[in-house]
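Me: Please take a close look at one part of this model, the surroundings of the second ligand, and then work outward from there to the rest of the chain. Keep it plain.

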Amino acid sequence: MAATVYHSGGSYPVVAGWGIIDQLGDRLEELGIGSPVYIITDENLMNRYGRRAQRALQKRGIAAHCFIIPAGEPSKTNSLAQAIYEWLVGLRAERGHAILAVGGGVVGDLAGYVAATFLRGVPFVQVPTSMAAMVDASIGGKVAVNLPQGKNLVGAFYQPKAVLADVEALSTLGKRELSEGWAEAIKHGFIMDANLVDVFEEHAEALMNVEPEISTEIIRRSMAIKAEVVSQDERETLDIRILLNYGHTIGHALESSTEYGRFMHGEGVSIGMMGAARMACEMGLHGQEIVDRQYELLRRFNLPTTAQGVDVEDIRRAMSLDKKVSGGANRWVMLDRVGHATVRRDVPVELVDRTVREIVG
Ligand SMILES: NC(=O)c1ccc[n+]([C@@H]2O[C@H](COP(=O)([O-])OP(=O)(O)OC[C@H]3O[C@@H](n4cnc5c(N)ncnc54)[C@H](O)[C@@H]3O)[C@@H](O)[C@H]2O)c1
Ligand SMILES: O=C(O)C(=O)C[C@@H](O)[C@H](O)[C@H](O)COP(=O)(O)O
Ligand SMILES: [Zn+2]
């Protein structure tokens, strides 16, 4: 087991290992989850992992129905949630039946949102298949859909019964998807664990090739960081969980201002981390060497650090709708050293404007 999340309603295991999808029948039995279950997956993953999950469950007498969504961020909508509700009603789904999210963060956020709201809440289990979902999205119970105006603007805190990550699934993940997933784990290093940044620098190539031993170790470390933060501040009320939003103010704004079609989530976060680091440096929170170090590492993982051509007004508008806005002002997560972050409410608007202009070229 990589970690345990403790929350207001209990606790759950976060597991990362090889071949877990084929063991799902046993794992659900251990969790006391019976037949039937409802698998939500996407079109890229149904044949690879959805069916394997279904077979593993059937071996233990658990019937599994599957709903397949189109792959990608544009699927995180209320209208797709509605389609899933109607499918569940058609199957006479009950409060005791579980939903299984088999996929990346999009599947996890959407399926979790449906689980949180259908019949006012049914059990759900996260079976993350992408790097972003394993190291971050599947853990912590932030479930949501997007609005055209902004990312994750409608959602809930709703914890899964377990996170069961099959690291073997990463062997089929594309290079771009891998990089943007590692961006979230690199973020965990910069905000909370300086040694993790060292490890990323030392083993960048091995991690980009998903070499099993080192990758599994880093995934588990990243999972443990996320689980610890969520356990301390489940609902982001204590200035602790908010630190996980490093890079997300600009990142989310870039995603929504480009209709969720140009940047993958981790790419937006990468650009946003660079924006936040440059502003922190100008404000004297840290030196230029941290900006440069973060830049070098993100580039080694083929991550973008600028967003040429995006409309500044669109970004500004999207940032004004960020969930961290309080009393009309944004709260920014910034580093004060490698491995440590802080929340700032005093970032000058002119500095934000100038930085955004530099980012879009
Ligand atoms: N709830 C949270 O705490 C949290 C944290 C981080 C990210 N997120 C959300 O997660 C989403 C990003 O997640 P993502 O990057 O996984 O996106 P995604 O779910 O769109 O997956 C990216 C692509 O990879 C494919 N894929 C996934 N696993 C695969 C595999 N094993 N083999 C081959 N292809 C595979 C998917 O089909 C998709 O095309 C965003 O919506 C983001 O906001 C949420
Ligand atoms: O779990 C969290 O808390 C995070 O902020 C993790 C982020 O990586 C993730 O993208 C999350 O979905 C963003 O949350 P939001 O509250 O900004 O929508
Ligand atoms: Zn994120």
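Reply: Sorted by class, the shell around ligand 2 holds six charged, four polar and two nonpolar residues. This is a predicted model, and every value below is computed from it. The charged members include Asp136, Lys142, Lys151, Glu184, Arg241 and Lys323. Gly140, Asn152, Asn245 and His248 are also in the shell, as are Ala144 and Leu244. Two strands, E7 (142-147) and E8, each give at least two residues to this shell.

The shell around ligand 2 is shared across the chain. The domain assignment divides the chain into domain 1 (3-172) and domain 2 (175-360), and each of them gives at least three residues to the surroundings of ligand 2. Beside one of the domain 2 residues in the shell, Arg241, the chain has a loop between H9 and helix H10 (248-257), and Asp239 is placed in that loop. Asp239 has a phi near 60°, which is a positive value in a residue other than glycine.

Ligand 1 also draws on both parts: its shell takes at least three residues from domain 1 (3-172) and at least three from domain 2 (175-360). There are 31 residues around ligand 1, and those that come nearest are Gly104, Gly105, Val106, Ser130 and Ala137. Helix H4 (105-117), helix H5 (131-137) and helix H6 (175-192) are the elements that supply two or more residues to this shell. By class, the shell around ligand 1 has eleven nonpolar, eleven polar and nine charged residues.

Next, the two domains themselves. Taken over C-alpha atoms, the centres of domain 1 and domain 2 are 25 Å apart. The contact between them involves 28 residues of domain 1 and 29 residues of domain 2. On the domain 1 side, E1, E2, H5 and strand E8 (150-157) each contribute at least two of the residues that touch domain 2. That side consists of 15 nonpolar, ten polar and three charged residues. Two of these elements come up at the ligands as well: H5 in the shell around ligand 1, and E8 in the shell around ligand 2.

E1 and E2 belong to an open sheet of seven strands, ordered E1-E2-E9-E6-E5-E3-E4, with mixed pairing. Its edge strands are E1 (3-7) and E4 (64-69), each of which pairs on one side only. From one strand to the next, the twist averages 15°.

At the E1 end of the sheet, E1 and E2 form a hairpin with two residues between them. Their pairing is antiparallel and runs over five bridges, with Thr4 standing opposite Pro13 in E2. On its other pairing, strand E2 (residues 10-17) meets strand E9 (residues 162-166) in the parallel sense, over four bridges. Here Gly17 stands opposite Asp166 in E9. Helix H9 (residues 212-232) lies across E1 and E2 and runs at about 15° to E1.

Elsewhere in domain 1, two helices pack against each other. Helix H1 (residues 24-31) and helix H2 (residues 46-58) have axes 7 Å apart, at an angle of about 60°. H1 and H2 are therefore oblique to each other. Leu24, Gly25 and Leu28 of H1 make the contact with Ala53, Ala56 and Leu57 of H2. Of the residues in this contact of H1 with H2, five are nonpolar, one is polar and none is charged.

After H1 comes a loop that leads to strand E3 (37-42), and Pro36 has its place in that loop. The peptide bond joining Ser35 and Pro36 is cis, with omega about -5°.

A second hairpin is formed by E10 and E11, again with two residues between them. Strand E10 (residues 332-337) and strand E11 (residues 340-344) run antiparallel and are joined by five bridges. Arg337 stands opposite His340 in E11. In the turn, Gly339 has a positive phi of about 90°.

To return to the part asked about: the shell around ligand 2 has six charged residues beside four polar and two nonpolar ones, and both domain 1 (3-172) and domain 2 (175-360) give at least three residues to it.

Key:
Residues numbered from 1 in each chain as written. Chains lettered and ligands numbered in written order. Predicted model: local features only at pLDDT ≥ 70, side-chain atom pairs only at ≥ 80, totals over all residues. Near = placed C-beta within 6 Å. Domains from an automatic or database assignment. Axes fitted to C-alpha atoms, helices over the stretch in contact; angles between N-to-C directions. Parallel < 35°, antiparallel > 145°, perpendicular 65-115°, else oblique. Contact = placed C-beta atoms within 7 Å. Pairing = 2+ DSSP bridges.
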